[in-house]
Amino acid sequence: MIHVTQLLSAGILLSALSTSLCAQQSEASTPLEHTRTQFEFTVNAPLELAAPLFGADRERVWAPEWNPQFLYPNPAHDQQGMVFAVSHGERTSTWVNTTFDLAGGHIQYAYVLAAAMVTTIDIRLARSGPAKTHVVVVYERTALMAEANEHVQHFAANDAKAGKEWEELINGYLAKQTGQQK
């Protein structure tokens with residue numbers, strides 16, 4: 001049986017590929033930018049407490065500017081197959097969660113930014129002792145038209161700096177929850 005997640009993921013990817021193919025046909029001489037950026041950090045909590053913080057709804061507790069608008073499920077709830085929109089100035093991206101395996105430490109998202117870029121975010125979590133979790137995040141971004149190449153490069157440069165920020169925000173949130181000093 002086909003799941004909603006598979007249908008939504010397929011629909012988004014087909015839309016992105018269609019847009020990309022049209023862009024490639026009209027701009028065959030300009031290669032489309034593709035980037036892959038990885039960062040790692042440690043969360044000061046066991047896997048069972050750390051993993052849920054990477055759900056789109058739960059991320060709101062540690063990322064003050066993160067405000068996804070859930071389309072499914074409604075009301076918002078972190079689960080595999082969640083679909084939500086995020087505003088980027090005048091554009092909106094549509095996100096689909098493709099993997100939400102908290103026990104296995106694997107969470108993945110795919111999103112399309114209005115005919116400009118496709119992004120996948122792959123998050124892997126692993127126990128690092130009894131009270132710490134090692135996190136590896138991989139962003140892959142692909143321009144859907146040559147005009148978006150610079151945009152993809154800009155996002156990739158910011159991705160490279162995100163590990164330290166995520167680590168500080170998540171651990172700061174956790175420290176407040178447990179009453180610990182930083």
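Helices, of at least four residues, and strands, of at least two, are DSSP runs numbered from the N terminus. Please keep in mind that the model in these views is predicted.

**Figure 1. The whole protein chain and its ten-part pattern, α-β-α-β-β-β-β-β-β-α, read from the N terminus.** Three helices and seven strands make up the inventory of this chain. The chain has 182 residues, and 45% of them count as buried. Among contacts with a separation of 6 or more, 51% come from residues 24 or more positions apart. The accessible surface amounts to about 10,000 Å², and carbon and sulfur atoms hold 54% of that.

**Figure 2. The open sheet, with seven strands in the order S1-S7-S6-S5-S4-S3-S2.** Pairing in this sheet is antiparallel. S1 and S2 (69-72) are the edge strands, and each of them pairs on one side only. On average, neighbouring strands are turned by 20° against each other, direction ignored. Helix H3 (residues 149-178) packs on the sheet, where it touches S1, S3, S5 (106-113), S6 (117-127) and S7. The direction of H3 makes about 10° with that of S1.

**Figure 3. A closer look at the edge strand S1 (residues 34-43), where side chains alternate between two faces.** To one face point Thr35, Thr37, Phe39, Phe41 and Val43, and these are buried. His34, Arg36, Gln38, Glu40 and Thr42 point to the other face and are not buried. Next door is S7 (residues 133-143), which runs antiparallel to S1 and is joined to it by 10 bridges. One pair to pick out is Thr37 with Tyr139, its bridge partner in S7.

**Figure 4. The other edge of the sheet, where S2 meets S3 (residues 83-88).** Three bridges join these two strands, and they run antiparallel. If you would like a landmark here, look for Phe70, which stands opposite Phe84 in S3.

**Figure 5. Thr99 and its surroundings in strand S4 (residues 91-101).** Is Thr99 buried or exposed? The relative accessible area of Thr99 is 18%, and the cut-off for buried is under 20%, so Thr99 counts as buried. Which residues is Thr99 in contact with, leaving aside its neighbours within four places in sequence? They are Gln80, His106, Ile107 and Gln108.

Conventions. Residues numbered from 1 in each chain as written. Predicted model: local features only at pLDDT ≥ 70, side-chain atom pairs only at ≥ 80, totals over all residues. Heavy atoms only, no water. Buried < 20%, exposed > 50% of the residue type's maximum accessible area, 1.4 Å probe, protein only. Pairing = 2+ DSSP bridges. Contact = heavy atoms within 4.5 Å. Axes fitted to C-alpha atoms, helices over the stretch in contact; angles between N-to-C directions. Areas by Shrake-Rupley, 256 points an atom, 1.4 Å probe, with all protein chains shown as cover.
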